[in-house]
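Open the structure in your viewer and keep the selection panel at hand. Each stop below says what to select and what is there.

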Amino acid sequence: MNLFGLAPLLLILPLIGVFFNTVVGRRLVAADAPSGEKWSGWFATAMSGSAFIVAVLIFFSLPTVDYHAQTVVLWDWFNMPSTDFHVQWAMYFDTLSATMLLVVTGVGSLIHIYAIGYMHGDKDFARFFTYLNLFLFFMLILVTGNSYLMLFVGWEGVGLCSFLLIGFWYDKPNGVGILNGDAARKAFVANRVGDFAMIMAMSLTFWVFKTLEFEGVIETALHMFEEGGKAAPISFGMFTAEFQVVLSAITVLFLIGATGKSAQIPLFIWLPDAMAGPTPVSALIHAATMVTSGIYLITRSNVLFEIVRETGFQMAGIISVPDLVAVVGACTAVYAGLIAFTQFDVKKVLAYSTVSQLGFMIAAVGMGAYVAGMFHLITHAFFKALLFMGSGSIIHGMEHGHHHLHDHGHGGHGDDHHDDHHDDHHEDDFDPQDMRTMGGLWKKMPVTFGVYVIGSLALAGIFPFAGFWSKDEILAHAQVNEFAIFSFINIMLTIGAFCTAFYMTRQIKMVFFGEPRHEAAVHASESNRLMTRPLVFLAVLSVFGGFLNTPNFSEPEGYGSDYASEEKYEESGDHSETEAILAAGGSKTTFTLALEHWLEHSIQSFELTEEGVVHMPHTPIVLQYNVAVTSSIIAIGAILIAWFLVFRGYPMKPEDDDPLQAAPVIGTVWAFFQGLPLDSLYMNGWVKRVFLPLGEISNLIDWDFWHNFVHERLIRDTFVTSADFFSKVLDPLGVDGAVNGVGKSLRNFANGLRSTQTGNVGNYALGLFLGVAAVIAYFVFAA
Amino acid sequence: MGNLILFLILAVIAIGSAIMMLFSRNAVHSALWLILNFATIAVFYIILNAPFLAMVQITVYAGAIMVLFLFVIMLLGTEQGSGVLATRRGQLWTAAGLGLVVLGSIGTALVRIGGSSVQAAAADTSPRVLAMILFENFTFPFEVTGILLLVAVVGLYVMSKQLRKG
Amino acid sequence: MAVTIEWYIALSTILFTLGALGVLLRRNAIIIFMSVELMLNSANLLLVAFAHHLGDATGQVLVFFVMTVAAAEVAVGLALIVAIFQSKKSIDIGDVNLLRG
């Protein structure tokens, strides 16, 4: 059964949702909020859910075409024969994009349902779902595009939707709306840096490979590498560059693009601020889907990265691009993890956690562990969406408690949302997201507590939750390969794993345990079912998601002890082997490495290794017990340390310091990270030293030179002078003169002619006779 | 020789009467001089072997047309008018110059030809012959002329009705 | 000395020129009309003279046509003059200048 013909529905369905909510839903909500919200929200959810069904059908269609990538061409976009620039509006389905499709539409649909509950009562309910569907549309373009340009369309589109959704509450009073708008702009501008790199990368890609389609680029790249070697000259007209240099440039530009979208050092600063958006947005866009597009991009371009690794070209003689990718990811993982230690905002902790986990994924793909990166991407989508939505539930409960506090006489407000409180309540400085005001919520919100703990355990990497498998696969990959830099990454990621377990435990303890530290926490209540049901569903996924790619627990028959041996690895990754395993069905290995086998149809470098072109670092197929044990010990240790360290002295006041904050040496480090060093570096180093002085200079240029001199003197005066010349000299004398002159001379001529028309018959007769005489004289004298 | 003398006498009368017509201030006098002129021409017709035409000339021109002229002149009472010299100078001299040009041209042509032309045998010009020519060779022009006369009659009738109204 | 065709040409030319001068120089519309008649007659005379000279009566037949047209012309023309006189109270062509530009 081949259902790729349904592919356009993936894009059409969300678009229908967008149009429905733009045109109809908005009016329905305005007319009658309760029923209008049902229509608006459920319609959008239905579109998302239908897209999920289509994604599932495509998922199951791939085996029927033997896992060969399918291209569904919708129409031509650019076709310029003179430059070979031919881009089609086409969708590309292989196992990688199908995986992304399932994650995006699946998690997306759950978040849609959740958002119906979460956004209840918001005056812009329909607008929210418009953006959400629009986001889905662009995200699906991103993951299904068959070329870098199509990917870029989605890339920009999701950036736009991110901007719109971060600034969704731009009209909140008391300056909050302005801050939200600032956050949206910050995200947009930070992403522009990465997007610029993307454009550069695409330009270079097209220049070198004469195509932007993934298949064509990969094919051409391998061909060029095989034919010309790493030093093959690439002509740029004025100069030539070696193949490895150009490819390094392309891949490093892709990396910069990825650091923008996937929030890596140095561009991650936008993601924590993006938490200004509604929590479903944080869950969907800023945890599960959009921010993973950088990982998707690098995984999609894995052949280019592997070729660069193969050439061994080191930028500035220091580091090769894939290693740089891994180092950036590892550093981000640790750095953001440390910042997450110091946050008091329940969503900020998760935001930095997301940055940190994205660092894990980037590190994985940088090391060549593309499957591990994708694996972590999937499991992370489950548990981080869960955690974000859980935090939304917590915030919701706190809002409700706060509302209750100020509104005792007002019954039936259980569903009221915090966002419209500003309309009818005075604003105090209560922050429903501050963990210091929480505490003891596990009794008030049991479901949220349960799923939150599951999510946290999954994130911390406790056996057998999803994060354990995916994180360990990355760590194992770092350990078993002999590249020098991998040791560094191994250490960094282990520290990152420690941080993860620590800050999650800290958060759970602050939020759910102890005594309530604020009246709002006392009155908090569980969220409605619309919000909790998706949470439960995601919790199940977070528990079992790890079995997507369970490694072998022991050496498979005939594999030998040397799992790092290339030949053995190749055998395990071989197609026939896969098919044999699939055919065997029900054997012990059926469940192991399912994702690996699934994705190896798309991550082509596995196959290309056989041709001896690209040697990829390999991921162990057997569980690395030492890694598993080490990371488990670290995670459990971190949990215990955090449990006993955080908030020992109950009851605690909201304004009290964290114990770590008060400690002598650690407190300094704490303060450093709490001060968001990169943000303040940008502020002090860039904004104050460079940007504002440049602003002064540009003001000077703008006003004194540009406005006063160029505009006023040069342009305006010149214009006025010339206009005067035209209007007072040239026009009356020249143009008018010419026009009037023609008229005048015609009139004079006519007057002259008119005077010949005397009306006197004698004169006419004279003329006649003149003619007669002339004719006669002519015949007599001339003829 | 006798023919020439006769011709010259008649020519002088014709030219003289034409000049008198031209210069008479009184329109009635002009008409009368013109009748003399027409009569002279009728005599020329006889000399030129066209007796029938001479009769027609007398009856139609002198008898009908000129009577019509005189009738109108007297009807309107406009016999007294300005003479030739009342014309503007420019018109007068230009007209005179042009007249001299025409005369000079024809005269020059005649001098060039000389008197070498040969007289053909006299043709039969009885009314019967003329009628034969007219109705054999000029049937269509004859009919057209008839229509012309008809149109003139209708036109005059319409005009006279208009005049009566005015 | 026989009277050859040249004499008649000369005579006819003189008469024609005199008629033309009458048309050009007189202001009385009726006299202008009579001058036109004179010109027609000069032409008739020449036609007859050539008919005689060539021994062909066709020329004389043409004179009939001229006379017919002249008669019609006079009839219409005089009617026009009467009409002009009725509106202008004058038959001086100097007074008839509606066509003046």
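The tour starts with the hairpin of chain A, goes on to its loops and a helix pair, and ends with chains B and C. Keep in mind that this is a predicted model.

**Stop 1: the hairpin of chain A**

Select residues 70-80 of chain A, which are strand β1. Add residues 85-93 of chain A, which are strand β2. How many bridges join β1(A) to β2(A)? There are 9, and the two strands run antiparallel. To look at one pairing, pick N79(A): its bridge partner in β2(A) is H86(A).

Now look at the turn. β1(A) and β2(A) form a hairpin, with 4 residues between the strands. One of the residues in the turn is D84(A), which has a positive phi of about 60°. Most residues other than glycine have a negative phi.

Next, show the surface around β2(A). Residues count as buried when their relative accessible area is under 20%. In β2(A), 8 of the 9 residues are buried, so this strand is largely enclosed by the rest of the structure.

**Stop 2: two loop residues with positive phi**

Select Y67(A), in the loop between α2 (33-61) and β1 of chain A. Its phi is near 65°, a positive value in a residue other than glycine. Is Y67(A) buried or exposed? The relative accessible area of Y67(A) is 13%, and Y67(A) is therefore buried, the cut-off being under 20%.

Move on to K210(A), in the loop between α6 (176-209) and α7 (214-228) of chain A. K210(A) is not a glycine either, yet has a positive phi of about 60°. K210(A) has a relative accessible area of 40%. That value lies between the cut-offs of 20% and 50%, so K210(A) counts as partly exposed.

**Stop 3: two cis peptide bonds**

Most peptide bonds are trans. Here are two in chain A that are cis.

Select I265(A) and P266(A): the peptide bond from I265(A) to P266(A) is cis, with omega near 5°. Where is P266(A)? Look in the loop between α8 (243-261) and α9 (270-273) of chain A.

Then select F463(A) and P464(A), which are also joined by a cis peptide bond. Omega is about 0° in this case. P464(A) is in the loop between α18 (446-460) and α19 (466-480) of chain A.

**Stop 4: a helix pair within chain A**

Select residues 125-144 of chain A for helix α4, and residues 279-288 of chain A for helix α10. Their axes come within 12 Å and cross at roughly 5°. Angles under 35 degrees count as roughly parallel, and α4(A) and α10(A) are therefore roughly parallel to each other.

Show the side chains where the two helices meet. Which residues of α4(A) take part? They are F128(A), L132(A) and F135(A). Across from them, α10(A) brings P280(A), V281(A), L284(A) and I285(A). By class, this contact has 7 nonpolar residues, no polar ones and no charged ones.

**Stop 5: chains B and C**

Colour chain B by secondary structure. Chain B has 6 helices and 0 strands. Of its 166 residues, 37% count as buried. Chain B exposes about 9100 Å², with 75% of that area supplied by carbon and sulfur atoms.

Do the same for chain C, which has 3 helices and 0 strands. Chain C has 101 residues, and 59% of them are buried. The exposed area of chain C is about 3500 Å², and carbon and sulfur atoms supply 71% of it.

**Stop 6: where a helix of chain B packs on a helix of chain C**

Select residues 27-47 of chain B and residues 29-54 of chain C, which are helix α2 in each chain. The axes of these helices are 11 Å apart, and the packing angle is about 5°. That makes α2(B) roughly parallel to α2(C).

Residues of α2(B) in this contact include L34(B), F38(B), I41(B) and Y45(B). On the side of α2(C), they include M34(C), L38(C), L45(C) and V48(C). How many residues of each class make up the contact of α2(B) with α2(C)? There are 12 nonpolar, 4 polar and 1 charged. The polar ones include N37(B) and N41(C), and E37(C) is charged.

How values were computed. Residues numbered from 1 in each chain as written. Chains lettered and ligands numbered in written order. Predicted model: local features only at pLDDT ≥ 70, side-chain atom pairs only at ≥ 80, totals over all residues. Heavy atoms only, no water. Axes fitted to C-alpha atoms, helices over the stretch in contact; angles between N-to-C directions. Parallel < 35°, antiparallel > 145°, perpendicular 65-115°, else oblique. Contact = heavy atoms within 4.5 Å. Buried < 20%, exposed > 50% of the residue type's maximum accessible area, 1.4 Å probe, protein only. Areas by Shrake-Rupley, 256 points an atom, 1.4 Å probe, with all protein chains shown as cover. Pairing = 2+ DSSP bridges.
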